[in-house]
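Colleague: Please take one part of this model and go through it closely, with the charged and nonpolar side chains in mind. I would like the cut-offs spelled out as you go.

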Amino acid sequence: MSSNPDTRPLPPGWITQYDPNYRAWFYVNTAAQPPVTTWGHPLGAAPPPPNAQYAAPSGPPPPNQSPYSSPPGYNQGPGYGYNSPPSGYGQPPPSDYNRTGGYAQPQYGYQQPPPPAPAPPQKHGMSTGAKTALGVGAAGVGALLLGKFVGHEIEEHREERREERLEDRLWERERWDEERREERREDLRWEERREERREDAPYDAGFNMGFDNGNDDRFW
């Protein structure tokens, strides 16, 4: 492997390396993170070398042209012996170029994938977690039913106590009313007795006086 034919100096941080696969030189910018590779020189295309020798065009010259005159289009085509860019020049290197400045060789062949692991045997029946969840659910339902039963019994007891207190109050009220009525009847009897006494007062006075000196008409 010869040296790079493009002997122009590189900018700081740039290096050149040879790719044996493409048989071409490429350039690496080691100052970039990560390093950047390119097929083209960082200063651009190289100018043609001085005093280059060019090949004559194909075929004889025209009849009216002197064989010593310069053919048309001279110095327009690529020169003979000009170090033209090799195949792949101006294109980035393959993606397997590593960051250390070296070129990784391609790996051929295929790696067979490992055989799949056998599936574990399926277990029939309920798992431990399902059994635990079922037990917890049954316990929760039992506690809920027990709570409803106890609450119903407590509510019935309270309702019975309310009915008993209401009956007691009604009985007390009825007894009080009966006592008031009895007192009223007793008052009426006393009023009747006092009225009778007021009516009997003149008779009693005459009786004490000897029937009003014999003038008591009630007995005659």
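Modeller: Helices (H or I, at least four residues) and strands (E, at least two) are taken as DSSP runs and numbered from the N terminus. On that basis the elements of the protein chain follow one another from the N terminus as β-β-β-α-α, that is, three strands and two helices. This is a predicted model, in which local features need pLDDT of at least 70 and side-chain atom pairs count only at pLDDT 80 or more, while totals for chains, interfaces and linings use all residues. Residues are numbered from 1 along each chain as its sequence is written, and side-chain values use heavy atoms, with hydrogens and water left out.

The part I would look at closely is helix α1, which covers residues 128-208. As background for the chain around it, 10% of the 220 residues count as buried (under 20% relative accessible area; exposed is over 50%, and partly exposed lies in between, with a 1.4 Å probe and protein chains only). The protein chain exposes about 18800 Å², of which carbon and sulfur atoms supply 56% (areas from the Shrake-Rupley method with a 1.4 Å probe; for residues, only the protein chains shown count as cover).

On the nonpolar side, I154 is found in helix α1 and is partly exposed, its relative accessible area being 40%. I154 belongs, with L146, F149 and V150, to a nonpolar patch on the surface that has about 380 Å² of accessible area together. Such patches are made of residues with over 30% relative accessible area and no salt bridge; nonpolar side chains (Val, Leu, Ile, Met, Phe, Trp, Tyr) are joined within 5 Å, and like charges within 9 Å.

Turning to the charges, a search of the whole structure gives 14 salt bridges (a side-chain nitrogen of Lys or Arg within 4 Å of a carboxyl oxygen of Asp or Glu). One of them joins the side chains of E159 and R162, at 2.4 Å from N to O; both residues lie in helix α1, three residues apart, which is about one turn of the helix. E159 is partly exposed, with 36% relative accessible area, and R162 also counts as partly exposed, at 36%.

R161 and E164 form another salt bridge, with 3.2 Å between the closest N and O atoms. This pair, R161 and E164, is likewise placed in helix α1 with a spacing of three residues, about one turn of the helix. R161 counts as partly exposed at 39% relative accessibility, and E164 counts as partly exposed at 38%.

Further along the numbering, the side chains of R180 and E183 meet in a salt bridge, 2.7 Å from N to O. Because R180 and E183 are three residues apart in helix α1, about one helical turn separates them. R180 has a relative accessibility of 29% and counts as partly exposed, as does E183 at 41%. In addition, E178, R181, E182, R185, E186 and R189 are joined into one network by salt bridges that share partners.

To draw the pairs together, E159 with R162, R161 with E164 and R180 with E183 each lie in helix α1 with a spacing of three residues, while the network runs through residues such as R181 and R185.
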